[in-house]
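Thanks for asking me to look this over with you. Here are my notes, in numbered points you can follow alongside the model.

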Amino acid sequence: MSSCLQRVEDAVDPHHHFWAPDTHAWLAKVEDGGHIAGPFKSIMRYRADEFMADASTFKVKKSVHVQAHFDGEPLAETEYLQGVADKTGVPTGIVAFADLSDENVEAVLKAHCKHANVRGIRQMLDYHPTVVEWRQCPRDDYMTDPIWLQGLKLLPKYNLSFDMQLHVPQMAAANEVVKANPDLQFIINHAGFPASLTDEYLASWREGLSALAQHDNVAIKLSGFNMFHHDWTQKMLHPLIEFCIKIFSTKRCMFASNFPVDKVNATYADLMGAYFQICCDLGMSQDDVNLMFRDNACRIYRL
């Protein structure tokens with residue numbers, strides 16, 4: 001184990017989920033397959049105790065839970081998570097769901113913000129134009145929908161960030177959205193989904209991310225790689241992570257587990273350990289490592 005792996009303390013995991021079949025009906029559809037990460041049979045129940053056991057292997061002390069299609073109204077998940085946090089200490093931050101195209105969205109945002117740990121909103125935008133199985137959003141026009149854009153503009157009023165999950169072909173539209181919202185903190189989820197490793201796809205991925213990285217109010221989570229690349233290796237991850245750090249700098253990158261989704265294809269220690277080792281191989285300083293595994297998440301999500 002490298003020295004930088006041993007020196008990092010009080011890590012933060014800024015992207016994980018809790019769920020169970022009794023609160024997340026959609027899990028039944030992917031128990032035996034149907035999700036890009038693979039069958040969910042081994043992760044059908046993942047609550048605070050399972051997460052804390054996994055995260056303890058990497059000295060994680062704080063975390064951010066990202067919305068996961070909890071059954072019922074949007075506030076049901078936030079109420080549940082705040083109750084868990086009050087009892088267990090995790091999650092430290094909550095990224096809640098709100099449909100920004102809903103005419104009553106401001107009331108939903110106000111209600112979310114009554115809970116102490118709420119920090120942001122995610123409404124998944126990832127709709128791929130040609131690969132149906134990569135779609136987790138029912139439509140591809142939110143980022144040009146005036147009503148949705150009006151809802152998005154409410155977030156700074158409530159000191160909320162926006163977790164932006166999207167595919168490469170959507171990055172040009174996302175860039176226009178970011179330009180129009182300089183006061184809103186955006187966090188790109190899962191490295192912008194480098195879902196294909198072909199030269200053509202990666203060239204488009206690099207171009208799209210480079211444009212988004214020009215905006216100081218955009219950060220990025222380095223996570224979720226093995227959802228698409230089940231036979232991932234540290235060698236495969238290295239150039240993807242190196243590029244993200246190059247364009248966003250160590251001040252706007254955050255490593256995250258994406259557990260339990262990424263648990264389908266990795267252990268917590270192996271995955272986060274690979275991320276750390278890549279930083280060491282890149283010659284990162286201890287300050288840079290601390291930024292990407294702790295300090296940036298604390299700053300961006302106000303933990």
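1. Just after helix H9, Ser249 takes a positive phi of about 75 degrees. Helices here are DSSP runs of H or I with at least four residues, strands are runs of E with at least two, and both are numbered from the N terminus. Please keep in mind that this is a predicted model, where local features need pLDDT of at least 70, side-chain atom pairs count only at pLDDT 80 or more, and totals for chains, interfaces and linings use all residues. Residues are numbered from 1 along each chain as its sequence is written, and side-chain values use heavy atoms, with hydrogens and water left out.

2. Now step back into H9 itself, residues 234–248. The expected span is 1.5 Å times one less than the number of residues, so the 15 residues of H9 should cover 21 Å, and its end C-alpha atoms are indeed 21 Å apart. Several H9 residues are buried, among them Met236, Leu240, Phe243 and Cys244. Buried means under 20% relative accessible area, exposed over 50%, and partly exposed in between (1.4 Å probe, protein chains only).

3. Beyond H9, Lys251 sits in the loop that leads to strand E8 (253–255). Is Lys251 buried or exposed? With a relative accessible area of 56%, Lys251 counts as exposed. Its C-alpha is 9.9 Å from that of Ile220, although the two are 31 residues apart in sequence.

4. How many disulfides does a search of the whole structure find? The count is 0, where a disulfide is a pair of cysteine sulfur atoms within 2.5 Å. For Cys113, the nearest cysteine sulfur belongs to Cys298, 20 Å away. Cys253 is unbonded too, because its closest cysteine sulfur, in Cys244, is 6.2 Å off, too far for a bond. Cys253 is buried, at 0% relative accessible area, while Cys113 is partly exposed at 30%.

5. Turn next to the strands. E1 (residues 11–16) and E2 run parallel, joined by 4 bridges; two strands pair if DSSP finds at least two bridges between them. His16 stands opposite His65 in E2. Strand E2 (residues 60–66) is mostly covered, with 5 of its 7 residues buried.

6. Which classes of residue line the largest pocket? Its lining has 10 nonpolar, 9 polar and 4 charged residues. Here Ala, Val, Leu, Ile, Met, Phe, Trp, Tyr, Cys and Pro count as nonpolar, Asp, Glu, Lys and Arg as charged, and the others, Gly among them, as polar. A pocket is an open set of points on a 1 Å grid over the protein atoms alone, where a 1.4 Å probe fits, with protein on both sides within 12 Å along at least five of seven lines; lining residues have an atom within 4 Å of a point.
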